[in-house]
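Trainee: Got a minute to go through this one with me? I'd like to start with the cross-links and then wander.

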Amino acid sequence: MNPSPINWLLSLMLLFVASEAGILVHKVDLLIYNDLQNGTFLTIHCKSKQDDLGAQLLAYRDYFEVKFRPNMFGTTLFYCSMQWDATRHWFDIYTSERDTCTYCSWNVRPNGPCLMESDKSKNSTTCYHWN
């Protein structure tokens with residue numbers, strides 16, 4: 001016997017409501033700030049396996065914002081190339097394994113990016129050095 005269309009519809013609505021309420025996977029608000037010296041422009045180009053977010057040119061203290069929902073398997077990865085003057089680096093700006101923040105604010109600095117986490121349970125800063 002086939003399930004009725006109303007059962008399918010109710011199941012889909014329940015899944016949608018649970019997803020939007022953050023029961024299944026939380027939403028992430030990711031911001032990337034140009035924290036290089038005044039007058040230095042930062043070009044960033046961020047991607048995931050599924051999405052190419054395109055190149056963004058940021059003036060000093062400008063930011064680029066990405067909102068997404070990590071996948072349920074814990075394998076979400078966003079990586080970015082960052083370029084200013086004659087300098088170019090790549091960095092994994094979000095990995096499900098490392099990052100637990102729902103509001104992740106990155107400051108790109110000459111010696112490496114710094115993550116400013118601001119969640120209900122903690123406020124912290126973690127800086128990384130370029131390889």
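Mentor: What follows covers the disulfides, the sheet, the rings and the charged pairs. Keep in mind that this is a predicted model.

Trainee: Fine. How many disulfides are there?

Mentor: A search of the whole structure finds three disulfides. If you number the bonded cysteines in sequence order, the pairing is 1-2, 3-4, 5-6.

Trainee: Which cysteine does Cys 46 go to?

Mentor: Cys 46 is joined to Cys 80, with an S to S distance of 2.0 Å. The link is right-handed, with 105 degrees about the S-S bond. It connects distant parts of the chain: Cys 46 is in strand β2 (residues 42-47) and Cys 80 in strand β5 (residues 77-84), 34 residues apart.

Trainee: And is Cys 80 buried or exposed?

Mentor: Cys 80 is buried, at 0% relative accessibility. Cys 46 is buried as well, with a relative accessible area of 2%.

Trainee: What about Cys 101, what does it bond to?

Mentor: Cys 101 forms a disulfide with Cys 104, and their sulfur atoms are 1.8 Å apart. That link is right-handed, at 105 degrees about the S-S bond. Cys 101 counts as buried at 0% relative accessibility, and Cys 104 is buried at 1%.

Trainee: That leaves Cys 114. Where are it and its partner?

Mentor: The partner is Cys 127, with the sulfur atoms 2.0 Å apart. Cys 114 is in strand β8 (residues 112-118) and Cys 127 in strand β9 (residues 123-127), 13 residues apart. The link is right-handed, with 110 degrees about the S-S bond.

Trainee: Why is Cys 127 put down as partly exposed?

Mentor: Because its relative accessibility is 42%, and partly exposed covers values between 20% and 50%. Its partner Cys 114 is buried, at 2%.

Trainee: Switching to the sheet. What's the strand order?

Mentor: Four strands form an open sheet in the order β3-β2-β5-β6, and the pairing is antiparallel. β3 (52-58) and β6 (87-95) are at the edges with a single partner strand each, so one side of each has no neighbour in the sheet. From one strand to the next, the twist averages 20 degrees.

Trainee: You had β2 and β5 in the disulfide too. How many bridges do they share?

Mentor: β2 and β5 pair in the antiparallel sense over five bridges. As one example to look at, Thr 43 has Gln 83 in β5 as its bridge partner. The disulfide of Cys 46 and Cys 80 links those two strands as well.

Trainee: Okay, rings. How many aromatic pairs?

Mentor: The structure holds seven aromatic pairs. One of them is Phe 68 with Tyr 94, an edge-to-face pair at 5.0 Å centre to centre with 80 degrees between the planes. Phe 68 lies in strand β4 (residues 63-68) and Tyr 94 in strand β6, so the pair ties together parts that are 26 residues apart in sequence. Both Phe 68 and Tyr 94 are buried.

Trainee: And Tyr 79 with Trp 90, how far apart are the ring centres?

Mentor: The centres of Tyr 79 and Trp 90 are 5.8 Å apart, and with their planes at 40 degrees the pair is tilted. Tyr 79 lies in strand β5 and Trp 90 in strand β6, so this pair ties together parts that are eleven residues apart in sequence. Tyr 79 is partly exposed at 26% relative accessibility, and Trp 90 is partly exposed at 48%.

Trainee: Which rings make up a cluster?

Mentor: Phe 68, Phe 78 and Tyr 94 are linked into a cluster by ring pairs.

Trainee: Last topic, charges. How many salt bridges?

Mentor: The search finds three salt bridges. Asp 35 forms one with Arg 61, the closest N and O atoms being 3.5 Å apart. Asp 35 is in the loop between β1 (28-34) and β2, and Arg 61 is in the loop between β3 and β4. Asp 35 also meets Arg 109 in a salt bridge, at 2.9 Å from N to O. Arg 109 lies in strand β7 (residues 103-109), so that pair ties together parts that are 74 residues apart in sequence.

Trainee: What does Asp 99 pair with?

Mentor: Asp 99 forms a salt bridge with Arg 98, with the closest N and O atoms 2.8 Å apart. The charged end of Arg 98 also sits over the ring of Tyr 128, 5.4 Å from its centre.

Methods. Residues are numbered from 1 along each chain as its sequence is written. This is a predicted model: local features need pLDDT of at least 70, side-chain atom pairs count only at pLDDT 80 or more; totals for chains, interfaces and linings use all residues. Side-chain values use heavy atoms; hydrogens and water are left out. A disulfide is a pair of cysteine sulfur atoms within 2.5 Å. Buried means under 20% relative accessible area, exposed over 50%, partly exposed in between (1.4 Å probe, protein chains only). Two strands pair if DSSP finds at least two bridges between them. Axes are lines fitted to C-alpha atoms, for helices over the stretch in contact, and angles run from 0 to 180 degrees between N-to-C directions. Rings of Phe, Tyr and Trp (its six-membered ring) pair if their centres lie within 6.5 Å; planes under 30 degrees apart count as stacked, over 60 as edge-to-face and the rest as tilted. A charge sits over a ring if NZ of Lys or CZ of Arg is within 6 Å of the ring centre and within 35 degrees of the ring normal. A salt bridge is a side-chain nitrogen of Lys or Arg within 4 Å of a carboxyl oxygen of Asp or Glu.
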